[in-house]
Amino acid sequence: MVSNPNEQHVRQVYEEIAPSYEALFPALHRYEDRVDRFLAEVAAPSCRVLDVGCGPGLLTRELEASVEVVGLDLSPEMLERARLGRPSGQWHVHSYHQPIPPELGLFDVLLAIGCLDFCANLPLVLSHFAATLKPGGRMLFTVLERRPGLDGHEVPRRQVRTAGPSVWLSFPSFEETSRALVGTGLLPRGYTHAPGWVHLVEQRTMHFGWWDVTKP
């Protein structure tokens, strides 16, 4: 299911940090209340939510019981922690570079927060996401946006050190992400450029393009 060498390294990194991830998350993430506000708006009772790159399932854990949550991640250890946190959810090892398995059905809501940092082909991956959204469905996703003059964000791809193996991060520009969305037929509803997470090794805050989109 892991589709390229970088994903193998990403999986290894997250397997290693899984035991401490929940404790580190409040100190590392800079999401403010963006995800919570999005879910409060779109996650209606009995809807279906797909959380891509779900990790231990922290973003969907507190959704009301009638909401059907499906989580996808590269790390089995992360998924086991998600399963413990929300036993009613469905949790599957999956690479977003591959199509979403059709047997999982269609979804009202899709999250892809902090996981497309490692995406090697954004148009392809967004097409996979679009295919699994219901008409009228909503998606919130983030990319590490390339911006000249923003330290650490100036090039399309760069390799970064972790406590384990080095991994490659991808930095699409605003224009590249916009073109990828147009190609999928998804329509932007909202966008902001804002902090995403703190890179401890480099001692810098990484910035996201936050995209709220819908499927017509």
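The following dialogue goes through a predicted model and asks what its labels rest on.

Student: What makes the protein as compact as a globular protein of that length?

Tutor: The radius of gyration is 16 Å, and the globule rule gives 17 Å for 216 residues. The two values are close, so the protein is as compact as a globular protein of that length. Along its principal axes, the C-alpha trace spans about 40 × 40 × 30 Å.

Student: Which elements does the chain contain, and in what order do they run?

Tutor: There are five helices and nine strands. Starting at the N terminus, the order is α-α-β-β-α-β-β-α-β-β-β-α-β-β. Of the contacts with a separation of 6 or more, 65% are between residues 24 or more positions apart.

Student: Why is Arg 34 called buried?

Tutor: Its relative accessible area is 15%. Buried means under 20%, so Arg 34 falls in that class. In the protein as a whole, buried residues make up 51% of the 216 residues.

Student: Is Glu 32 buried or exposed, and how do you know?

Tutor: Glu 32 has a relative accessible area of 60%. The cut-off for exposed is over 50%, so Glu 32 is exposed.

Student: What makes the pair Arg 34 and Glu 32 a salt bridge?

Tutor: The N to O distance between the side chains is 3.3 Å. The definition asks for a side-chain nitrogen of Lys or Arg within 4 Å of a carboxyl oxygen of Asp or Glu, so the pair qualifies. The structure holds 15 salt bridges.

Student: Why do Arg 37 and Asp 33 count as partly exposed?

Tutor: Arg 37 has 49% relative accessibility and Asp 33 has 36%. Partly exposed lies between under 20% and over 50%, so both residues belong there. They too form a salt bridge, with the closest N and O atoms 3.0 Å apart.

Student: How do you know that the salt bridge of Asp 212 and Arg 138 links distant parts of the chain?

Tutor: The side chains meet at 2.9 Å, N to O. Asp 212 sits in strand S9 (residues 204-214) and Arg 138 in strand S5 (residues 133-144), 74 residues apart. Both residues are buried. Through shared partners, salt bridges join Glu 41, Arg 138, Arg 189 and Asp 212 into one network.

Student: What makes S3 and S8 the edge strands of the open sheet?

Tutor: The sheet has seven strands in the order S3-S2-S1-S4-S5-S9-S8, with mixed pairing. Strand S3 (90-93) and strand S8 (187-199) each pair on one side only. The twist averages 15° from one strand to the next.

Student: How do you know that S1 and S2 pair?

Tutor: Five bridges join strand S1 (residues 48-52) to strand S2 (residues 68-73). Pairing needs at least two bridges, so the condition is met. The two strands run parallel, and Asp 51 stands opposite Gly 71 in S2.

Student: Which helix packs on the sheet and touches S1?

Tutor: Helix H4 (residues 122-132) does, and it also touches strand S4 (107-112) and S5. The direction of H4 makes about 150° with that of S5. Helix H5 (residues 174-184) lies across S5, S8 and S9, at about 25° to S9.

Student: How do you know that S6 and S7 pair?

Tutor: Four bridges join strand S6 (residues 157-160) to strand S7 (residues 167-170), and at least two are needed, so they pair. The strands run antiparallel and form a hairpin with six residues between them. Arg 157 stands opposite Ser 170 in S7.

How values were computed. Residues are numbered from 1 along each chain as its sequence is written. This is a predicted model: local features need pLDDT of at least 70, side-chain atom pairs count only at pLDDT 80 or more; totals for chains, interfaces and linings use all residues. Side-chain values use heavy atoms; hydrogens and water are left out. Buried means under 20% relative accessible area, exposed over 50%, partly exposed in between (1.4 Å probe, protein chains only). The radius of gyration is taken over C-alpha atoms; the globule rule is 2.2 Å times the number of residues to the power 0.38. Contact means heavy atoms within 4.5 Å. Axes are lines fitted to C-alpha atoms, for helices over the stretch in contact, and angles run from 0 to 180 degrees between N-to-C directions.
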